[in-house]
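Student: Could you walk me through this model, starting with how its strands are put together?
Tutor: Yes, and I will fix the terms as they come up.

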Amino acid sequence: MNPNPSAPSKLLVIANPYPPMASAGTTRVVRFLRHLPDEGWEPSVLTAKAEGPAAVPPGVRVARAAVPWPRQLLGGGRRSTRLNRWVSVPDPYFAWVGPAVLKGREIFKREPFDCILSSSPRASAHLVAAVLSEHAGLPWLADYRDPWSTYQFRHYPTRAHRAAHEKLEAWALRRATAVTAVNKPIVDDLVARHAWLDGRAHVLPNGFDRAEQPADIRLGDGFWIVHTGRLYGREQQVAAFLEALAALPADVKALFVGVDESRVRPDAERLGLGDRVRVEPLVPLPEALGYQRAADALLLVNGRRPESMSSKVFEYLQAGRPIFAISPAGSAARALFEEVGGGTCVLPDDPMREPLAGFVAAARAGTAPVADPGALGRYELTRLTWELAAILDDLTAQPWVADPDDREPSPEAGR
């Protein structure tokens with residue numbers, strides 16, 4: 001607990017990736033860091049040494065721990081991917097855990113902190129936080145952007161690998177004072193597998209930040225359907241979308257920003273789409289926001305599990321453009337569209353030709369649904385940061401208990 005209520009409480013944020021590494025996974029953390037000081041919390045960051053093009057947020061102290069051997073596991077290509085699956089538990093930054101713990105202990109020697117927050121993926125950040133929480137006797141909030149051991153895109157080479165992830169996750173979460181996750185399906189899964197989290201698990205969704213200004217982007221003639229961000233193994237759904245696109249008039253075009261061209265171009269060429277499909281490399285967030293604003297409509301491609309919902313859906317909704325969403329039944333994305341509007345949804349395995357044609361016709365006529373600004377305001381970052389700060393305040397208002405079995409649920413938890 002902060003002994004001086006007039007001074008800001010101090011929060012150690014353990015996050016990897018983090019700028020200058022360019023990754024969509026940094027956006028949630030960076031946004032919260034931007035607004036936490038307004039809620040009485042002074043954040044510092046513990047992360048990995050990294051290089052990249054992303055701008056490092058100003059005004060936030062950052063400590064970086066070395067990433068030792070095996071560096072070759074962090075590279076790209078099929079060989080390194082296979083090697084990562086066998087050796088890298090819980091992720092390719094497993095060797096970072098030791099140096100990060102040592103760096104964290106150095107930080108605690110220099111100054112006191114009130115709470116720890118870790119955000120994953122990568123799960124190694126949670127391991128660092130679990131060790132440092134016990135070392136420093138501080139409450140720890142574990143934040144989930146994606147599942148850990150039940151992540152739909154993680155392929156285990158053996159049963160032993162699956163068991164290792166499950167046991168590591170259980171070991172870490174026994175030390176967490178509370179957890180947050182970006183949507184209810186992830187929270188429900190965590191509580192179902194780790195019963196001691198009942199009463200201490202919160203939904204803390206992603207959102208949009210009005211402080212972020214989009215770049216001025218122009219797309220040219222035609223009706224442009226835009227997708228921003230990586231595909232994460234959803235190429236089959238994109239191929240079905242392209243087949244439906246091929247049946248539409250030639251002035252209806254698609255742009256994929258931040259996608260490896262090899263994931264899209266072969267299907268586009270096979271379908272004779274030619275210059276009706278553009279692929280651009282990954283761009284900084286302001287440019288991605290600019291492409292979303294320049295679009296006539298937006299494409300959202302989710303996975304097949306209920307928790308599937310890219311964080312960019314909130315940016316899409318804020319852009320005020322109609323969204324064609326490929327999303328499974330009962331998904332978090334569909335629940336969001338039911339709440340705020342803006343989405344026209346199809347199932348991943350449904351025929352898309354007629355739904356896409358109807359969507360484009362409605363968008364051109366101005367009758368396709370767009371998000372209701374009033375309902376969407378619930379997901380603005382200043383409000384979400386207030387919710388995060390309330391959770392942190394509640395954690396630090398209670399004495400830290402070393403034995404997880406002795407921790408009582410917070411009266412505010414699970415709200």
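Tutor: Two strands pair if DSSP finds at least two bridges between them, and the elements themselves are DSSP runs numbered from the N terminus, helices being H or I with at least four residues and strands being E with at least two. By that rule strand β8 (residues 223-228) and β9 are parallel partners, with six bridges between them. The model is predicted, with local features needing pLDDT of at least 70 and side-chain atom pairs counting only at pLDDT 80 or more, whereas totals for chains, interfaces and linings use all residues. Residues are numbered from 1 along each chain as its sequence is written, and side-chain values use heavy atoms, with hydrogens and water left out.

Student: OK, which residues face each other between β8 and β9?
Tutor: Val226 stands opposite Leu255 in β9, and His227 has Phe256 of β9 as its bridge partner.

Student: And what does β9 do on its other side, with β10?
Tutor: Strand β10 (residues 277-280) runs parallel to β9 and is joined to it by four bridges, with Leu255 standing opposite Arg278. Together with helix α8 (residues 265-270), these two strands make a right-handed β-α-β unit, where right-handed means that, with the strands pointing away from the viewer, the path from the first strand over the helix to the second runs clockwise.

Student: Is β9 buried or exposed?
Tutor: Strand β9 (residues 252-257) is mostly covered, with six of its six residues buried, and buried here means under 20% relative accessible area, as against over 50% for exposed and partly exposed in between, with a 1.4 Å probe and protein chains only. In a regular strand, side chains alternate between the two faces of the sheet. In β9 both faces are covered, with Val252, Ala254 and Phe256 on one side and Lys253, Leu255 and Val257 on the other.

Student: What's the full strand order in that sheet?
Tutor: The order is β10-β9-β8-β11-β12-β13, an open sheet of six strands with parallel pairing. Its edge strands are β10 and β13 (343-346), each of which pairs on one side only. The twist averages 20 degrees from one strand to the next, taken from axes that are lines fitted to C-alpha atoms, for helices over the stretch in contact, with angles running from 0 to 180 degrees between N-to-C directions.

Student: Which helices sit against it?
Tutor: Among them, helix α10 (residues 312-319) lies across β8, β11 (297-301) and β12, at about 165 degrees to β11. Helix α11 (residues 332-340) also packs on the sheet, where it touches β11, β12 and β13 and makes about 145 degrees with the direction of β13. Contact means heavy atoms within 4.5 Å.

Student: Switching to the seven-stranded sheet, why do β3 and β7 count as edges?
Tutor: That open sheet has the order β3-β2-β1-β4-β5-β6-β7, with parallel pairing. β3 (61-65) and β7 (201-203) each have a single partner strand, so one side of each has no neighbour in the sheet.

Student: What about the middle of it, say β4 and β5?
Tutor: Strand β4 (residues 115-120) and strand β5 (residues 140-144) run parallel and are joined by five bridges, and Ser119 has Asp143 in β5 as its bridge partner. Helix α4 packs on this sheet, touching β1 (9-15), β2 (41-48), β4 and β5, with its direction at about 165 degrees to that of β4.

Student: Which residues have the most contacts inside the largest nonpolar core?
Tutor: They are Ile14, Trp96, Val128 and Leu132, in a core of 40 residues. A nonpolar core is a set of buried Ala, Val, Leu, Ile, Met, Phe, Trp, Tyr and Cys residues joined through side-chain atoms within 4.5 Å. Helix α4 (residues 124-136) supplies the largest share, six residues. A second, separate core has 31 residues, including Ala244, Ala254, Ala297 and Ile326.

Student: Last topic: how many aromatic pairs are there?
Tutor: A search of the whole structure finds four, where rings of Phe, Tyr and Trp (its six-membered ring) pair if their centres lie within 6.5 Å, and planes under 30 degrees apart count as stacked, over 60 as edge-to-face and the rest as tilted. One of them is Phe108 with Phe113, edge-to-face at 5.8 Å centre to centre with 70 degrees between the planes. Another is Phe324 with Phe359, tilted at 5.4 Å centre to centre with 50 degrees between the planes.
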